[in-house]
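Hello,

Here is the structure I promised to hand over. Please open it first, then read the notes below.

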Amino acid sequence: HSVAILGAPFSKGQKRRGVEHGPKAIRDAGLVERLSNLDYAVHDFGDLTFKHLEKDEHFMHVPFPRTVGRANQLLSGAVSGAVGAGHTCIMLGGDHSLAIGSVEGHAQQCPDLCLIWVDAHADVNTPLTSPSGNLHGQSVAFLLKDLQNKMPEVPGFSWMKPFLSARDLVYIGLRDVDPGEHIILKTLGIQYFSMRDIDRMGIQRVMEVTLDHLLARKRRPIHLSFDIDAFDPSLAPATGTPVNGGLTYREGIYVTEEIHNTGLLSVMDVVEVNPTLGATPEALEATTSLAVDVIASALGQTREG
Ligand SMILES: CN[C@](CCCC[B-](O)(O)O)(CCN1CCCCC1)C(=O)O
Ligand SMILES: [Mn+2]
Ligand SMILES: [Mn+2]
Ligand SMILES: [Mn+2]
């Protein structure tokens, strides 16, 4: 088994500086060693170099559309290459706008992929519904075929077209969903498990229903897009949009253990670790070691030896 690590030091999908330092902080928390101890051949491809485009005017109230689009075009090629070379790919963010390129590149190799989005947020605003304009809250809208007629042509994204069906996506951890996003979730009938659902059903049942929904008809590669803000802010404080009442450590680890046990994990994004937002060195360390733990768990580290 071989694992490719791809660093994506990128922050222009949102307004807070510092998330571009996420890849280094996660590496510094011992990622390569942890994965090597799991008997993976680890290929660290290093960090991508993203060009900041000079003229990049807002599109409506959306900042840096061309820079974000270009970064994702680059990332798409890198993820496609890594998956095509037979690696399980770990993409380290950077903000969650990077999922556009990561999932698109994965789909170039695995058009039948399914997507599990673990996040406090749905990230499914369109430019027309987004309260902030920030593209890290719109990533899924760029992927969904079912939203094609609701999406304007955003400059910088002409290199791609939506490819994902709403039925091939499941959300886990939602607890801060904008009104326009709620309408989209309901209209498209997207399967989601909010924190309320997790309270009612328990994480074991949530994973059972999630994996049945996605894999019962046909087993296919899994893309896991993991926003560290899915965890409770007490566990992952160094992140840009913290929301109270998040996943416990054990719930997050159970999610990734169950995904590992399918044997189908193909690409995992770990995004939104912002080292500059840790109030203390301990807060930063808690966040980065948690990121390493969920990656290791997704790749087969067990609690039972
Ligand atoms: C919930 N939607 C937000 C957050 C997106 C978070 C992106 B992620 O990658 O971290 O998940 C927030 C919009 N709110 C901002 C504060 C006022 C109310 C709207 C947005 O800006 O779209
Ligand atoms: Mn997100
Ligand atoms: Mn989030
Ligand atoms: Mn964020």
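**Salt bridges around Arg-27**

Arg-27 and Asp-47 form a salt bridge, with their closest N and O atoms 2.6 Å apart. This contact links distant parts of the chain: Arg-27 sits in helix α1, Asp-47 in strand β2, and 20 residues separate them. Bear in mind that the model is predicted.

Arg-27 has a second partner. Its side chain also meets that of Asp-44 in a salt bridge, at 2.7 Å from N to O. Arg-27 belongs to helix α1 (residues 22–28) and Asp-44 to strand β2 (residues 41–47), so this pair ties together parts that lie 17 residues apart in sequence. Taken together, Arg-27, Asp-44 and Asp-47 are linked in a network of salt bridges.

Are these three side chains buried or exposed? Arg-27 has a relative accessibility of 19%, so it counts as buried, because the cut-off for buried is under 20%. Asp-44 is partly exposed, at 35%. Asp-47 is partly exposed too, at 37%.

**Another salt bridge**

How many salt bridges does the structure hold? The count is 10. One of them pairs Asp-112 with Lys-218, whose closest N and O atoms are 2.9 Å apart. The two residues come from distant parts of the chain, 106 residues apart. Asp-112 is in the loop between α4 (99–109) and β4, and Lys-218 is in the loop between α8 (203–215) and β7. Asp-112 is partly exposed, with a relative accessible area of 30%. Lys-218 is partly exposed as well, at 44%.

**The manganese site**

Now to the metal. Which residues coordinate the manganese ion (ligand 2)? They are His-96 (ND1), Asp-119 (OD), Asp-123 (OD) and Asp-227 (OD), at 2.1 to 2.2 Å. Along the chain, the donors follow the spacing H-x22-D-x3-D-x103-D.

Why is the arrangement irregular? The six donor atoms around the manganese ion (ligand 2) subtend angles of 60 to 173 degrees. Six donors count as octahedral only if opposite ones are over 155 degrees apart and all others lie between 65 and 115. The angle of 60 degrees falls outside those limits, so the site is irregular.

A second manganese ion (ligand 3) lies 3.3 Å from ligand 2, and Asp-119 coordinates both. Asp-119 and Asp-227 link distant parts of the chain, 108 residues apart. Asp-119 is in the loop between β4 (114–118) and α5 (139–143), while Asp-227 is in strand β7 (residues 222–227). Asp-119 is buried, with a relative accessible area of 0%. Asp-227 also counts as buried, at 2% relative accessibility.

Best wishes

Methods. Residues numbered from 1 in each chain as written. Chains lettered and ligands numbered in written order. Predicted model: local features only at pLDDT ≥ 70, side-chain atom pairs only at ≥ 80, totals over all residues. Heavy atoms only, no water. Donors = N, O, S within 2.8 Å, 3.2 Å for Na, K, Ca; no water. Tetrahedral: all angles 85-135°; square planar, octahedral: opposite > 155°, others 65-115°. Helix = DSSP H or I, 4+ residues; strand = E, 2+ residues; numbered from the N terminus. Buried < 20%, exposed > 50% of the residue type's maximum accessible area, 1.4 Å probe, protein only. Salt bridge = Lys/Arg side-chain N within 4 Å of Asp/Glu carboxyl O.
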